[in-house]
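This report goes through one protein model, from its helices to its central sheet. The sequence and structure come first.

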Amino acid sequence: MQKNRWIEFLLLCAFLLRFSPMASSSDRSGELSGEKNFEGSSDLVDLQYHMGPVLASPINLYIIWYGRWNQNQQATIRDFIYSLSAPSSSASYPSVADWWRTVRLYTDQTGSNITGNIVLSGEFYDYKYSHGGYLSRLDIQSVIKNSVTASDPHALPLNPHDGLYLVLTSSDVQVQDFCRAVCGFHYFTFPTIVGVTVPYAWIGYSGTQCPGICAYPFAWPNYSGRPPPGKNGGHDIMKPPNGDVGADGMISIIAHELAEVSSNPLVNAWYAGDDPTAPTEIADLCLGMYGSGAGGGYVGAVNKDAWGSGFNLNGVKGRKYLVQWVWNPARRRCYGPNALD
């Protein structure tokens, strides 16, 4: 018993270190300068495998909608989740599923690849704000516990085998370090809080709190004093492909966190750097990159429709999404299926 408590204490210390502002998963600081971006092949990236598991089994994904949500926002996000495993006939190339194939290149020590089977298996609506309008990072785990223990017919199952929990907070919910240091993060639950260890991710809706930070490039940071650079030397603010700056901005953060939690669910698998409490993961290497030539605030070569809405991937039901690239271990560079080479 004392040994278990000591292990949990060490895990808690690692958790607190991991989630210091400098160790945040979707940290946007420095993104626009391109200082961490590697669009071209680079030997400077020391991405290594540390022998931990990846999410190789089919994923049962559970969404926890914390707060009050607009149905259109929910539909946009659900369709993105459906698009991750959609057959090629459901979306034209380049598709969300094509983008996920880069994530699938990562393997565990048995040679098993990250799964291509992601199923939305349940949703829980925490519209009563079970833990209030302000959440600490650790509160996210208590929100998960509430979703699996609530006396509600729609309570989620506690699935330690192949479950992945996605906590999404609405526009009026404040989360520790949200906007200031992070747009989202992932980790794993502590048995002392939830009962078992399961991977999870949190992403906040930034449409009203910090669109210029967490919904880039559909909004531009107020402190910059200038709009983003356009391809031909001009300036341009992209319109969101699904009509909602916050929801469309969340999509790329959700993709970022799903890629990283799948390749590094227990923070002992794929990452660069010597410190597991502050790893640089496969999406961190490609912040702000959505197409070929990206850098310095320019998102790269992406498509735009007649209304100026930017996108680089196609989804189910005719959806369009703008999703950041991730590090391709075979090409040794940031890559997406919309690359021009």
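Helices, of type H or I and at least four residues long, and strands, of type E and at least two residues long, are runs assigned by DSSP and numbered from the N terminus. The model is a predicted one. Its secondary structure comes to six helices and 15 strands. The protein has 341 residues, of which 56% count as buried. Among contacts with a separation of 6 or more, 74% are between residues 24 or more positions apart.

**Helix 2 and helix 3**

R78 has its place in helix 2. Is R78 buried or exposed? The relative accessible area of R78 is 16%. Buried means under 20% relative accessible area, so R78 is buried. When neighbours within four places in sequence are left aside, the residues in contact with R78 are W65, L120, E123 and Y125.

Helix 2 covers residues 71-84 and helix 3 covers residues 96-103; their axes come within 7 Å and cross at roughly 60 degrees. Helix 2 is therefore oblique to helix 3. The handedness of this crossing is right-handed. On the side of helix 2 the contact is made by F80, S83 and L84, and on the side of helix 3 by V96, A97, W99 and W100. By class, the residues of this contact are six nonpolar, one polar and no charged.

**The five-stranded sheet**

Five strands form an open sheet in the order 3-2-5-8-7, and the pairing is mixed. Strand 3 (118-126) and strand 7 (184-188) are the edge strands, each of which pairs on one side only. From one strand to the next, the twist averages 20 degrees. The pairings in this sheet are set out below.

| Strands joined | Bridges | Direction |
|---|---|---|
| strand 2 and strand 3 | eight bridges | parallel |
| strand 2 and strand 5 | seven bridges | parallel |
| strand 5 and strand 8 | five bridges | parallel |
| strand 7 and strand 8 | five bridges | antiparallel |

Individual residue pairs can be followed across the sheet. Y62 stands opposite G122, a residue of strand 3. Facing strand 5, N60 has G163 as its bridge partner, and I64 stands opposite V167. Further across, L168 stands opposite I203 of strand 8. Y200, also in strand 8, is the residue opposite Y187.

How many residues of strand 5 are buried? Strand 5 runs over residues 163-169, and seven of its seven residues are buried, so the rest of the structure largely encloses it. Both of its faces are covered. On one side the buried residues are G163, Y165, V167 and T169, and on the other they are L164, L166 and L168. Strand 2 is also largely enclosed by the rest of the structure, because seven of its eight residues are buried.

**Helix 4 and the loop that follows**

Helix 4 (residues 139-149) lies across strand 2, strand 3, strand 5, strand 7 and strand 8. Relative to strand 5, helix 4 runs at about 115 degrees.

The loop between helix 4 and strand 5 contains L156. With a relative accessibility of 4%, L156 counts as buried. Which residues is L156 in contact with, once its neighbours within four places in sequence are left aside? They are Y62, I63, I64, G122, E123, F124, S147, V148 and Y165. Of these, Y62 and G122 stand opposite each other in the pairing of strand 2 with strand 3, and Y165 is one of the buried residues of strand 5. E123 is in contact with L156 and is also among the contacts of R78. L156 and K145 are eleven residues apart in sequence, and their C-alpha atoms are 9.4 Å apart in space.

In outline, the parts described here are the contact of helix 2 with helix 3, the open sheet of five strands, and helix 4 lying across strands of that sheet.

Definitions and conventions
Residues numbered from 1 in each chain as written. Predicted model: local features only at pLDDT ≥ 70, side-chain atom pairs only at ≥ 80, totals over all residues. Heavy atoms only, no water. Axes fitted to C-alpha atoms, helices over the stretch in contact; angles between N-to-C directions. Parallel < 35°, antiparallel > 145°, perpendicular 65-115°, else oblique. Left-handed = near helix turned anticlockwise from the far one by under 90°. Contact = heavy atoms within 4.5 Å. Nonpolar A, V, L, I, M, F, W, Y, C, P; charged D, E, K, R; others polar. Buried < 20%, exposed > 50% of the residue type's maximum accessible area, 1.4 Å probe, protein only. Pairing = 2+ DSSP bridges.
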